[in-house]
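Please work through the exercises below with the sequence and the coordinates open beside the text. Each task is followed by a solution that goes step by step.

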Number of protein chains: 2
Amino acid sequence: MQISKFMTPEIIFGQQAISQVGESLRRLGASRVFLVSDAGVASAGWVERVIDYLDAAHLDYHLWMEVTPNPKDHEIHAGVEAYHQFGGNAILGVGGGSAIDAAKAVALLATNGGRIHQYEGVDHISRPLPPMVMVPTTAGAGSEVSQFSIIADTERKMKMTIISKSLIPDIAIIDPQTLTTMDKLLTANTGMDALTHAIESYLSLAATPLTEVYSLQAMRLISQYLRPSAASRFNVEAKQAMAMASLQAGIAFSNAILGAVHAMSHQLGGLLDLPHGEVNAILLPYVLEHNYIAAPERYQKIAEALGENTAGLSMHDSSRLALKAVKELARDLDIPQSLSSLGLHADQIEALSKHALLDVCMATNPRDMSIADVAALFRKAL
Amino acid sequence: MQISKFMTPEIIFGQQAISQVGESLRRLGASRVFLVSDAGVASAGWVERVIDYLDAAHLDYHLWMEVTPNPKDHEIHAGVEAYHQFGGNAILGVGGGSAIDAAKAVALLATNGGRIHQYEGVDHISRPLPPMVMVPTTAGAGSEVSQFSIIADTERKMKMTIISKSLIPDIAIIDPQTLTTMDKLLTANTGMDALTHAIESYLSLAATPLTEVYSLQAMRLISQYLRPSAASRFNVEAKQAMAMASLQAGIAFSNAILGAVHAMSHQLGGLLDLPHGEVNAILLPYVLEHNYIAAPERYQKIAEALGENTAGLSMHDSSRLALKAVKELARDLDIPQSLSSLGLHADQIEALSKHALLDVCMATNPRDMSIADVAALFRKAL
C-alpha cells in the first residue's frame, strides 16, 4: 500500500446554501471580492442574487465575466489584471466548471505571478492563493471541490491541466436551487461529466477507500436521478440528488485523479473548443470497453452501482453490463454518438492522440496506453 | 432539506505515513513543536520514532506526556503553561484519543486563553488555533479528524464536550503500523468505539449523504476485520482495514455528530474514569434496542453492512439483525456485559442520567429521550 493523500474544502450543501456566500467570505477575511461569473449565469439571475448577499455582508466587489466555455489563457491574464486593478483580496466564482476553473486560475496568478502556462502539470505552485469561495451552478464539473484547473493554451490549441492542492477552494457552497435554471442539454452534458468523474476515479490507479465509496455512491445517484433531472427543470428531488452526485464524484476525482476519457476530451476540447461534458459522454463507452481487461471485478461493481441486475451472473457477464448501462443512459439523454458530428476530422487524430497521451490524466488510466491505442479509440468514436 | 456542513483535515494515510510528520509540520510553518503523547505510546517506541523525524526536519520540540486516559481539566491547564514556557508555535499529538483530545485542548487555550471550561459546548472558540498535526496510534477515537475534544471536569465529575471546526487538526497522519503495538484489550475497546461512531453517526439526526457512505463502509470493514485485528498483532491487512474504518467513522461522526451511547458513556467515563471504548461497547446494544423505533429501515442497512443475510426477510425482521450482529461481535471480543462490573452503583444512576441528558451528543440521538429513559437504559446495562 502506497501513502495516499485526501483533502476537501469546507462544504456547505443544501437549499438556500447560497445565502451563506457573504458570511463565508467574511469568515475568510475578505473585504474586496473579485466575482468571476459568465453571462449565462447572470441571465439566470444567480449573479444578482449573489451580489445581494455580498451587499448584505458589506463586502466590496468587482464583477468580471470575460470568461468563455473552455476558459482561455488570455482570459486568465486579463482577469488577473482586472483583479489587481480592483485591488481584490478574495475570489468568488459562480457558475459552471469554466467560470470556476477561471476563478481558480486568476487566484493562482494573483499571488504567484507570471503566465498561466508556467503552472501546467502537478505541484508547481509555491505561494498561498487568496481566499476562494466557489458556487457551482451546474451538477457535473466538480471544480468547486477539486485540485484541478483546466485552461486552454490558445496558441498550441491544447488544454493545460494544472493540479495542486493550493487550487482546492476554501469553501464550496452547493445549492441545488441553482440547477433549476439549466436547460436539458446542459443538464445532460454536465450530468454525463459527473458520471465520467465517478467512473474514471473509481477505475483510477490512484483510487483509495476514501474515494471509492464516493465514486460508487455518485454512480448510484446518477443512474437513478440524471434522467428525471434532464426531464424536468422543477424536479427538486432529482436536482438535489444530482448536486450531491456531482459533489461526491468531485471529491473522488480530485483525490484519485481520472483517466483516458479526460485525457482525450481535454485535448479534443482544446483543439475544437467543444462542450466538455458532451465529448466525455461520447468517449466514455469506447474507453470503458478498452479499459475492461484492467479491472473486470471493478466493472462488476460499476454495473451494480448503475442499477444492473447481476444476480446469478458470472463476474465477466455481470461486469460487461457496466457498458450497457452507460450506453443506455447516453441514449436516453440523446447524447450524440460520434465525434465527427462535433467537427472532428480523421486527419486531426494523430496530433490529437500525441497530446492526449501526454495529458496528466493519462497517468492514472488503469490500462497502459500507446499512441496507437489512443488513435484507435478516437477513430472508433469518429 | 436543511443546510449541512462538511469538513475534514488533510489526510495522509498508509504504511510509513508517519515518516511525513516533520515535513507536514514544516509545511504549516512550524519551528517549535509541542509534542503531546503518553507513557504507553512512548514505551511502544512511537515517540522516539516521531522525534527522529522532527530532528531530521530540523524542528525544535518539547515532549509533554502529563496526560492520562480521560484527559482532565488540570492536565490541560498544566499543558498550556508548558506550551508557553517552551514558546511553541505548533502542536503535534501522538497517541490514542486521550492524547489527541488533550493536544487539541492545549492548542485551543494556547491562542484563546482562559480555562478549558469556558469552551464547553458548540462554537465558543473565536481565535485561530496553532497549526496541529495528529498521529493516532489506536483505531477508534477518530479525534485526529474530528471537531471534538472531550475533557473531564474533575470538580463536577463530568465530561465536557467541546465542538468547533477550529478543533479539526490541519493534518491527520494515519499509519496502520502504529496499530501493531496495541494489546488485545485496547484493540477490542477502541474497535468497538469505532463501531459506535459508525452506528451513531449513521442514525444521527444530522447524518447527510456525505457522512452516511463512510458510516456504512466503516461498519463493513469493522464487521470483517475487528475480530482478526484483535486476534493477532501482526495481521497487517486487518490493521490497515481497521485504520481505514476508524478514519471513515471519524469523518462521519465529526460531521454528523453522535447519539445517546456517547452522551451516556461520556458522563459515566467522567464519573468513574473508565475506558471510553469499553463503556460504549457495553451500552451500545441497549441504546440500539431503544432507538429502534426511530429508524427501522436504517437498522436494515446496518444489519447488511455488518454482514447479516437479509435475503427474503421483511424489513422488520432484517433490521432486528443489526442488534444480533453487534452483540455477537462484543461477545467474540470478550467485552464485559455489565456496567456494575466496571464499578457503577445503582444509586449513582439518577445524577448520571441528568448529566447524560444534557450532553451535546444527546441532541442528535434519533429517539427523544427523557431522564427516565436514560436511567432505565443505565439500569438495564447495570
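The exercises that follow treat a sheet, the contacts between domains and chains, a core, and three aspartates.

This is a predicted model, in which local features need pLDDT of at least 70 and side-chain atom pairs count only at pLDDT 80 or more, while totals for chains, interfaces and linings use all residues. Residues are numbered from 1 along each chain as its sequence is written, and chains are lettered from A and ligands numbered from 1 in the order in which they are written.

**Exercise 1. The sheet**

Task: Determine the strand order of the open sheet of seven strands, and explain why strand 4 of chain A and strand 1 of chain B stand at the edges.

Solution: Strands are DSSP runs of E with at least two residues, helices are runs of H or I with at least four, and both are numbered from the N terminus; two strands pair if DSSP finds at least two bridges between them. On this basis the order is 4(A)-3(A)-5(A)-7(A)-10(A)-2(A)-1(B), and the pairing is mixed. Strand 4 (60-64) of chain A and strand 1 (4-6) of chain B each have a single partner strand, so one side of each lacks a neighbour in the sheet.

Next, follow strand 2 (residues 10-13) of chain A, which runs parallel to strand 10 (residues 171-174) of chain A and is joined to that strand by four bridges. Within this pair, A:I11 is opposite A:A172. Strand 2 of chain A is also joined to strand 1 of chain B, through three bridges and in an antiparallel sense, with B:S4 as the bridge partner of A:F13.

**Exercise 2. Domains and chains**

Task: Describe how domain 1 of chain A meets domain 2 of chain A, and then how chain A meets chain B.

Solution: The assignment, which is automatic or from a database, divides chain A into domain 1 (10-178) and domain 2 (183-381). Their centres, taken over C-alpha atoms, are separated by 25 Å. Counting two residues as in contact if their C-beta atoms, placed from the backbone, lie within 7 Å, 28 residues of domain 1 meet 31 residues of domain 2. On the domain 1 side, two or more residues each come from strand 2, strand 6 (121-122), strand 8 (148-153) and strand 9 (158-163) of chain A.

Between the chains, 22 residues of chain A and 22 residues of chain B take part in the contact. Strand 1 (4-6), strand 2, helix 7 (209-231) and helix 8 (236-256) of chain A each give at least two residues to the side of chain A that touches chain B.

**Exercise 3. The core and three aspartates**

Task: Which residues touch the most other members of the largest nonpolar core, and are A:D123, B:D334 and A:D359 buried or exposed?

Solution: A nonpolar core is a set of buried Ala, Val, Leu, Ile, Met, Phe, Trp, Tyr and Cys residues joined through C-beta atoms within 7 Å. Of its 276 residues, A:V106, A:A245, B:V106 and B:A245 touch the most other members.

A residue is buried with 20 or more other C-beta atoms within 10 Å of its own, exposed with 12 or fewer, and partly exposed in between. A:D123, in the loop between strand 6 and strand 7 (132-136) of chain A, has 12 such neighbours and is therefore exposed. B:D334, in the loop between helix 13 (321-332) and helix 14 (349-358) of chain B, is exposed because 11 other C-beta atoms lie within 10 Å. A:D359, by contrast, has 24 C-beta neighbours inside 10 Å and so counts as buried.
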